[in-house]
Amino acid sequence: MPALPPEFAAAADRTACRVAIRAGSKSFFAAGQLLPGDVREAAYGLYAFCRLSDDLVDDAADPAERRRAVVRLETRIGQAYAGQPADAPADRAFSEIVATYAIPEALPRALIEGFAWDAEGRRYADLGALHAYAARVAGSVGAMMALVMGTRTPDALARACDLGAAMQLTNIARDVGEDARMGRLYLPLDWMRAAGLDPDAFLADPRPSPALADVVARLLAEAERLYARAEAGISALPGGCRASIRAASLIYAEIGLVVAAHGYDSVRRRARVRTPRKFALIARAIRTPAGALGLGAPPLPEAAFLIEAVARESSLPMRQRPALRPWWHVSGRVVHVLDLIERMREREAFGRSAPS
């Protein structure tokens, strides 16, 4: 069979990326509709590659295979940055996007490193160690999205990393029970021990308790601090992107409020934000002007390497890039790339039958 013309191949890649998104969580579907069309379509490709990466590691049968999957992903990232992506729609889309938006290679490699930490079942001794994990699996995504939206200033990137970390901490607080039943523990170990909880005993028999509720509440308080800092970065985004990112932030912060309403019991119950409430928060996001409180605050130390990587990229002459046909400039609906975080946690909690 003769090869398809390039324009057909590009159309097939677009379709494949859309299918990957439609199969994921719908938590930020409505918020994503507020994004401008060009950002939407770039998000398709970025999301599809991130999801592919997570699947390859998460679906591996044993620790040795997970390590091999991480090595394969590192190779695929190198190929994408060399302009010779693997023969897959997500890889081709990713290669074009990172070149077009000058996304430093350190950012997706940080994401893969976070997946590797998940694969090895790493635990986190304290909040700083947990922030290092969140910077990789969530801050990297926030930074990449900021670049896709055309924002490269250190302040804005620091706030994007704050938002990613806040969302990840919210996920961890919400999913304590599901994680424990899979043998995974993300709560800071020093917090647990200070509350009189033995981490190994909890994993062996995960039960709610007042001590555990105190740890979950403490984690959500840290998330709330980061949401407040992240709000300032919204003012640095292009006007057409602000409402969507604010909506994403408000919806995720609402998950923490639902956890609190359940008495911080995320072992027996899983907090969800119902659709009517999501739409109310989206309406609030559209009405709310961006604030500047928090601009100029230093980045989380654990996320500073992401911002420094962008600064190094920005200080170099622009690379010679091939002429790219702007395949992402098409109409259609999109799920925001920050939905990656939600999708990963849904799949971890429920396996391949994760609800949408």
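Mentor: Axes are lines fitted to C-alpha atoms, for helices over the stretch in contact, and the angles between their N-to-C directions run from 0 to 180 degrees. Please keep in mind, as we go through the helix pairs, that this is a predicted model.

Trainee: At what angle do the axes of helix α6 and α7 cross, and within what distance do they come?

Mentor: The axes of helix α6 (residues 106-119) and α7 cross at roughly 150 degrees and come within 8 Å. Angles over 145 degrees count as roughly antiparallel, and α6 and α7 are therefore roughly antiparallel to each other. Their crossing is left-handed. On the side of α6 the contact is made by L107, P108, A110, L111, E113, G114, F115, W117 and D118, and on the side of α7 by A132, Y133, R136, V137, S140, V141, A143, M144 and L147. By class, the residues of this contact of α6 with α7 divide into 13 nonpolar, 2 polar and 3 charged.

Trainee: How do α8 and α12 pack, and what is the hand of the crossing in which α8 passes α12?

Mentor: The angle between α8 and α12 is about 155 degrees, and their axes lie 8 Å apart; α8 and α12 are therefore roughly antiparallel to each other. The crossing in which α8 passes α12 is left-handed. From α8, the residues R159, D162, L163, A165, A166, M167, L169, T170, I172 and A173 take part, and they meet V216, L219, L220, E222, A223, L226, Y227, R229, A230, A232 and G233 in α12. Sorted by class, the residues of the contact of α8 with α12 comprise 15 nonpolar, 2 polar and 4 charged.

Trainee: Where do the axes of helix α4 and helix α5 stand, and at what angle do they cross?

Mentor: Helix α4 (residues 63-81) and helix α5 (residues 89-100) have axes that come within 8 Å and cross at roughly 55 degrees, which makes α4 oblique to α5. Here α4 passes α5 in a right-handed crossing. The contact brings R76, A80 and Y81 in α4 to D91, F94, S95 and V98 in α5, and its residues divide into 4 nonpolar, 1 polar and 2 charged.

Trainee: Turning to the interior, how many cavities of 30 Å³ or more does the structure hold, and what volume has the largest cavity?

Mentor: Rolling a probe the size of a water molecule over the atoms shows where empty space is left. In this model there are 3 cavities of 30 Å³ or more, and the largest cavity has a volume of about 150 Å³. It is lined by 14 residues, of which M149, A160, L163, L237 and I245 are the closest to its centre. The lining of the largest cavity has 11 nonpolar, 2 polar and 1 charged residues.

Trainee: Which helices each supply at least two residues of that lining, and which gives the most?

Mentor: At least two residues of the lining come from each of α7 (127-148), α8 (154-174) and α12 (210-234), and α8 gives the most, with 4 residues. L163 is a useful residue to find on the structure, since it appears both in the contact of α8 with α12 and among the residues closest to the centre of the largest cavity.

Trainee: Which residues line the second largest cavity?

Mentor: The second largest cavity, with about 60 Å³ of space, is lined by W117, D118, G121, R122, R123, G183, R184, L185 and Y186. By class, this lining has 3 nonpolar, 2 polar and 4 charged residues. W117 and D118 of α6 also take part in the contact with α7.

Conventions
Residues are numbered from 1 along each chain as its sequence is written. This is a predicted model: local features need pLDDT of at least 70, side-chain atom pairs count only at pLDDT 80 or more; totals for chains, interfaces and linings use all residues. Side-chain values use heavy atoms; hydrogens and water are left out. On a 1 Å grid over the protein atoms alone, a cavity is a set of points where a 1.4 Å probe fits but cannot get out, and a pocket is an open set with protein on both sides within 12 Å along at least five of seven lines; lining residues have an atom within 4 Å of a point. Grid points are joined across faces, edges and corners, and a volume is the space filled by probe spheres set on the points. Ala, Val, Leu, Ile, Met, Phe, Trp, Tyr, Cys and Pro count as nonpolar, Asp, Glu, Lys and Arg as charged, and the others, Gly among them, as polar. Angles under 35 degrees count as roughly parallel, over 145 as roughly antiparallel, 65 to 115 as roughly perpendicular and the rest as oblique. A crossing is left-handed if the near helix is turned anticlockwise from the far one by less than a right angle, and right-handed if clockwise. Contact means heavy atoms within 4.5 Å.
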